Amino acid sequence: MGTSASNKGNRGTNPVIPSWVNPNKPSITIPNVPVKPDVPLKPNETTEPLIPELPETPTEKDKKKINRYAAFRRYLTQFSKEKDPEVLRKAIHSYISVSLGGSHTAYGRFSGGLTAGGSLLNYVTRISPDSEKFFNNLEGHSPEDIINQLAEKVIPKNGDFDVIKQAIVYSLFSLLEANPDFFDKPLSNPGELSFLLESFISNLLSSQIINDAGDAINKSEVTVELEGEIRSLVKIETHFSVQEVLAKKDISQLTVSDWNDLLKEIMKETLEILSKED
């Protein structure tokens with residue numbers, strides 16, 4: 001989720017002109033189409049001048065789609081210069097409340113990622129025979145290969161592949177740092193399951209925010225620092241959401257559908273917290 005350097009072309013002061021071109025004479029392209037003879041006009045018949053088609057102007061809907069990110073990106077640009085934590089919080093608040101239409105509407109932006117997260121938890125806990133077979137077939141493979149194949153397996157076709165894969169890769173590698181052998185057996189430790197839930201939701205949300213920030217991050221002089229600050233803020237609030245939601249549940253006894261519902265509940269709670277103004 002590399003490209004070669006683009007061709008820079010002629011670096012001299014004069015353009016490269018083929019020897020067969022006369023620079024003093026304009027170039028004319030003659031279409032290879034037979035010329036139709038002029039047909040005399042009938043009595044009282046007039047010709048209508050050709051009116052060139054004008055380019056389509058943006059509709060009001062298009063303008064609103066562009067403008068709904070304006071305040072969010074403006075706050076990010078301001079934060080990158082001033083480093084005021086309150087400005088960053090305003091940026092995230094604007095993203096959820098304005099860009100995505102409020103916490104309840106914003107939830108739909110992450111539906112593909114939440115579906116992938118439910119499938120991911122199904123596989124790592126090995127609830128179904130398919131998940132057990134998947135890991136048996138990958139025995140001896142590197143963690144990187146397992147994670148990549150797992151992402152391909154669980155991300156829905158209509159999902160935002162790059163953002164969801166980034167969330168999966170970030171969260172699984174974070175868990176690998178804490179437990180290098182967790183792929184060797186079903187994940188059942190409540191603490192590790194809680195960690196994975198928190199890490200996945202946090203990374204899914206922050207990766208989408210960073211993606212939607214556009215040039216406010218891409219053209220920033222502190223891109224890496226800005227991304228880190230966004231991830232840090234989202235991680236803190238996601239932690240509170242996970243703790244609150246899991247206080248009422250026994251995650252060691254959850255089924256596949258339970259995982260999906262749990263992820264939705266945590267995401268909704270996190271969006272609600274981040275959308276509030278202090």
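A residue counts as buried here when its relative accessible area is under 20%. Keep that cut-off in mind as you look at this predicted model, because it lets us sort inside from outside. Of the 278 residues in the protein chain, 38% count as buried. The chain has twelve helices and zero strands, so if you start at the N terminus and walk along, you meet one α element after another: α-α-α-α-α-α-α-α-α-α-α-α.

Let's start with helix 6, which covers residues 129-137. Which of its residues are buried? They are Ser131, Phe134 and Phe135. These residues span an arc of only 90° around the axis, which puts them on the same side of helix 6. Now look at the face turned away from that buried side: there you'll find the exposed residues Pro129, Asp130, Lys133 and Asn137. And what lies over the buried residues of helix 6? The cover includes helix 5 (111-125) and helix 7 (143-154).

Just before helix 6 there is a residue worth a stop. Arg126 sits in the loop between helix 5 and helix 6. The phi angle of Arg126 is near 55°, a positive value in a residue other than glycine. Is Arg126 buried or exposed? With 12% relative accessibility, Arg126 counts as buried, because the cut-off is 20%.

Lys83 makes a nice partner for that story. You can find Lys83 in the loop between helix 2 (70-82) and helix 3. Phi of Lys83 is near 60°, again a positive value in a residue other than glycine. Lys83, though, has a relative accessible area of 36%, so it is partly exposed.

Another loop to visit is the one between helix 8 (161-178) and helix 9 (190-213), where Phe182 has its place. Why does Phe182 count as buried? Because its relative accessibility is 3%, and buried means under 20%. What does Phe182 touch? Leaving out residues up to four places away in sequence, Phe182 touches Val124, Leu172, Leu175, Leu176 and Leu187. Take Val124 from that list: Phe182 and Val124 are 58 residues apart in sequence, and their C-alpha atoms are 8.5 Å apart in space.

Now for how helices pack on each other. Helix 11 (residues 223-246) meets helix 12 (residues 256-275) at an angle of about 130°, and their axes are 9 Å apart. That angle makes helix 11 oblique to helix 12. Their crossing is right-handed. On the helix 11 side, the residues in contact include Leu233, Val234, Glu237 and Thr238, while those of helix 12 include Leu262, Glu265, Ile266 and Glu269. Sorted by class, this contact has nine nonpolar, three polar and four charged residues.

Helix 12 also packs against helix 3 (residues 85-99), at an angle of about 120° and with the axes 8 Å apart. Helix 3 and helix 12 are therefore oblique to each other. Here the crossing is left-handed. Helix 3 brings Ile92, His93, Ile96 and Ser97 to the contact, and helix 12 brings Leu271, Leu274 and Ser275. How do these residues divide by class? There are four nonpolar, three polar and no charged residues in the contact of helix 3 with helix 12. Try finding Leu274 of helix 12 in the structure: it takes part in the contact with helix 11 and in the contact with helix 3.

Technical notes. Residues numbered from 1 in each chain as written. Predicted model: local features only at pLDDT ≥ 70, side-chain atom pairs only at ≥ 80, totals over all residues. Heavy atoms only, no water. Buried < 20%, exposed > 50% of the residue type's maximum accessible area, 1.4 Å probe, protein only. Helix = DSSP H or I, 4+ residues; strand = E, 2+ residues; numbered from the N terminus. Arc of directions from axis to C-beta. Contact = heavy atoms within 4.5 Å. Axes fitted to C-alpha atoms, helices over the stretch in contact; angles between N-to-C directions. Parallel < 35°, antiparallel > 145°, perpendicular 65-115°, else oblique. Left-handed = near helix turned anticlockwise from the far one by under 90°. Nonpolar A, V, L, I, M, F, W, Y, C, P; charged D, E, K, R; others polar.
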